[in-house]
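Q: Could you take a close look at one helix in this model, and describe how its two faces differ in their surroundings and what lies around it?

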Amino acid sequence: MRRDEFLSYGLGHSSYCGTNCKFLSDGFGLWDYNGTWVPHAPARFFKNSPRKKQGLLWIYGDSLALRFYDSLYYTPICGEIFKACNLTYSWVYNMLEPVEIEKYKRNYRDFDPSRVLQEIKDVIYLPEMDEHSVIILNCGLHYVSSLTFAMYRKLIDDIINMFKETWENEDGVVELKFKGKLIWKTTTAIHRERFLYHNHPSPRFLTLQRIQLYNAYSTWAMCNAGV
């Protein structure tokens, strides 16, 4: 793809995207001979964004979501394009404070999908999550290692149905409850043989083939739902 084609793809022509391009800030670029990073889409395009600090960008997911949030926090995306960015750090359930205690809790109870759905609802139905807001959602590796495929498939279907929930406003018009935009973040590829303790039983279900299966279903379901 030529540079001008790339810029057209990302900066204003929805016919190239197949959807509205106003949320694009993808980080693609190249290193020049002096070792300086040169983005394909210069920062001035985003400084002139028509969004004008509208809505929230909410990153929802595991430790990679946390790292993604950290990488965005001091950029124009958080504070110039969006009003602010926020994070929900989650494994299967939200990692409540203090995280170091929460992550090692063992209650040995069956998986409760209603808890996951409620924790997502607690985010998307906040008053600040208006029609200008975006949630980037990932239910990935920790679900692969914790749930059967049947349980995971039903959870993804229930999440999709939740985002399709409607209500009737005071004018009698049926609207989506969540007026913002959902972006589905695909599952991280991982290779168990590269783990430091690759013979430990805890990652025994984190095989590449299993991850590919879970990711294929969730991506297929989200695409069919128009996400």
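A: This is a predicted model, and the cysteines offer a way in to the helix. Cys78 is buried, at a relative accessible area of 14%, and Cys85 also counts as buried, at 10%. The sulfur atoms of Cys78 and Cys85 lie 1.8 Å apart and form a disulfide, which is left-handed, with -90 degrees about the S-S bond; the count for the model comes to 1 disulfide. Cys139 is buried as well, with a relative accessible area of 0%, whereas Cys223 is exposed, at 51%.

Cys223 belongs to helix α9, on the face turned away from the buried side of that helix, where Gln209, Trp220 and Asn224 are exposed too. Helix α9 runs over residues 208-224, and its 17 residues should span 24 Å at 1.5 Å a residue, which agrees with the 24 Å between its end C-alpha atoms. The buried residues of α9 are Ile211, Tyr214, Asn215, Tyr217, Ser218, Ala221 and Met222. Because these residues cover an arc of only 160 degrees around the axis, they fall on the same side of α9. The spacing fits a general rule: an α-helix has 3.6 residues a turn, so residues three or four places apart point the same way. After the helix comes Gly226, whose phi is positive, near 85 degrees.

The cover over the buried residues of α9 includes α7 (141-146), α8 (149-163) and β8 (181-184). The wider setting is the largest nonpolar core, which has 36 residues, and those with the most contacts inside it are Ile120, Ile135, Leu137, Tyr143, Ile159 and Phe163. Helix α9 is one of the elements that give two or more residues to this core, the others being β3 (56-61), α6 (113-124), β5 (134-137), α7, α8 and β8. Of these, α8 gives the most, with 7 residues. In soluble globular proteins, nonpolar side chains tend to be buried together.

Phe163 shows how parts of the chain come together in this region: leaving aside its neighbours within four places in sequence, Phe163 is in contact with Ile120, Ile124, Ile135, Leu137, Leu176, Phe178 and Leu182. A second, separate core has 15 residues, among them Ala65, Leu72, Ile81 and Leu87.

To return to the request, one side of α9 holds buried residues such as Tyr214 and Met222, with α7, α8 and β8 included in what covers them, while the face turned away carries exposed residues including Trp220 and Cys223.

Terms used
Residues are numbered from 1 along each chain as its sequence is written. This is a predicted model: local features need pLDDT of at least 70, side-chain atom pairs count only at pLDDT 80 or more; totals for chains, interfaces and linings use all residues. Side-chain values use heavy atoms; hydrogens and water are left out. Helices (H or I, at least four residues) and strands (E, at least two) are DSSP runs, numbered from the N terminus. The expected span of a helix is 1.5 Å times one less than its number of residues. Buried means under 20% relative accessible area, exposed over 50%, partly exposed in between (1.4 Å probe, protein chains only). The arc is that of the directions from the helix axis to the C-beta atoms. Contact means heavy atoms within 4.5 Å. A disulfide is a pair of cysteine sulfur atoms within 2.5 Å. A nonpolar core is a set of buried Ala, Val, Leu, Ile, Met, Phe, Trp, Tyr and Cys residues joined through side-chain atoms within 4.5 Å.
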